[in-house]
Amino acid sequence: MSGASVARAGQRVLHDVDLRIDSGELVALLGANGSGKSTLLRAAVGVLPLETGCAHLFGQPVHRGSSHERVGYVPQESSEAGSIPATARETVASGLLSARSWWPRSRDPRVMDALDAVGMADLAGRPITRMSGGQRRRVMIARALVRAPRLLVLDEPFSGVDVPTQELIAGLFRELSAAGTTILVVLHETGPLAGDIRRAVVLDHGRVVHDGAEQDRPRLHPGHGHPEDAAPLDECLGQEIHPL
Ligand SMILES: Nc1ncnc2c1ncn2[C@@H]1O[C@H](COP(=O)(O)OP(=O)(O)OP(=O)(O)O)[C@@H](O)[C@H]1O
């Protein structure tokens, strides 16, 4: 990305971002709530339009209709899955859909392999609407992995996932990274990937304030821009995120 700015609801929330990620890098994107991490990811894969600047993937300009056959994208929990009662297997198979192939391929062996890799093969037949948040998260990671992407873009993959599964997924990222997959991952804490991340990009109020060694990054300060951060606990508890 070069000189990339993005507006949401008429307000600029990403300012003049320059970011180049080379093939095979593992990069953590960090920052307080509302600092613009998800916005950056979504603009980088063409889901959100740029106000200024440009973005390229694999040397080609990115736009909303870009083909993402070489990109695996795992969005944040709140924007994924919805209430469609697809099974884990069907959900992962939908990751194989493309402009050339529109028929769901649940029997493709890659589907069960991807579910196995995130420890979800046993629940392949369960509708994702009947899964916990952490289980759904693992299914969405399998969906991103199923077509062996060259670039994996993940928005808080460990959120809601228990520690043993975090370790499992971190091990998977390590293997993929060693095999040359490029990984850009939004994290709140580096957690199980702490020893693996050489490069951290930190956003603050939509600007890159650090791009370099993880141990040199500035400490995060409390969030801004997300009203729930300041809301009393009983108000937060009243919010139903996934109505069944
Ligand atoms: N759908 C939206 N409409 C309008 N503004 C939005 C929308 N989504 C995010 N924003 C605003 O854009 C800014 C950046 O939000 P973004 O979700 O990119 O931050 P983030 O760093 O990913 O936050 P978090 O850590 O809480 O996920 C914030 O000020 C936020 O309030």
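Which residues is G36 in contact with, leaving aside its neighbours within four places in sequence? In this predicted model, the residues that G36 contacts beyond those neighbours are V13, L14, G31, L203 and G206. G36 itself lies in the loop that runs between β3 (26-31) and α1 (37-44). Because 25 C-beta neighbours fall inside 10 Å of G36, and 20 are enough for a residue to be called buried, G36 counts as buried. T182 is 146 residues away from G36 in sequence, and the C-alpha atoms of the two are 21 Å apart in space.

The helix that follows this loop was examined next. α1 is mostly covered, with 8 of its 8 residues buried. The buried residues of α1 are K37, S38, T39, L40, L41, R42, A43 and A44. In an α-helix there are 3.6 residues a turn, so residues three or four places apart point the same way. The elements that cover the buried residues of α1 include β1 (2-8), β2 and β3. Also among them are β8 (151-155), β9 (182-186) and β10 (199-204). After α1 comes G46, which has a positive phi, near 90 degrees.

A second loop gives a contrasting case. D22 is placed in the loop between β2 (11-17) and β3. D22 counts as exposed because it has 8 C-beta neighbours inside 10 Å, and a residue with 12 or fewer is classed in this way. D22 is separated from R138 by 116 residues in sequence and by 26 Å in space, taken from C-alpha to C-alpha.

For the chain as a whole, the secondary structure consists of 6 helices and 11 strands. The chain has 244 residues, of which 36% are buried. Among contacts in the chain with a separation of 6 or more, 66% join residues that are 24 or more positions apart.

The confidence scores were considered last. The average pLDDT of the chain is 83, and 82% of the residues score at least 70. Over residues 223-244, however, the pLDDT is below 50. This stretch, residues 223-244, has 16 contacts in the model beyond near neighbours in sequence. Where pLDDT is low, the predicted coordinates should not be read in detail. The scores for the model are ipTM 0.97 and pTM 0.84.

Methods
Residues are numbered from 1 along each chain as its sequence is written. This is a predicted model: local features need pLDDT of at least 70, side-chain atom pairs count only at pLDDT 80 or more; totals for chains, interfaces and linings use all residues. Helices (H or I, at least four residues) and strands (E, at least two) are DSSP runs, numbered from the N terminus. Two residues are in contact if their C-beta atoms, placed from the backbone, lie within 7 Å. pLDDT is the predictor's confidence in each residue, from 0 to 100.
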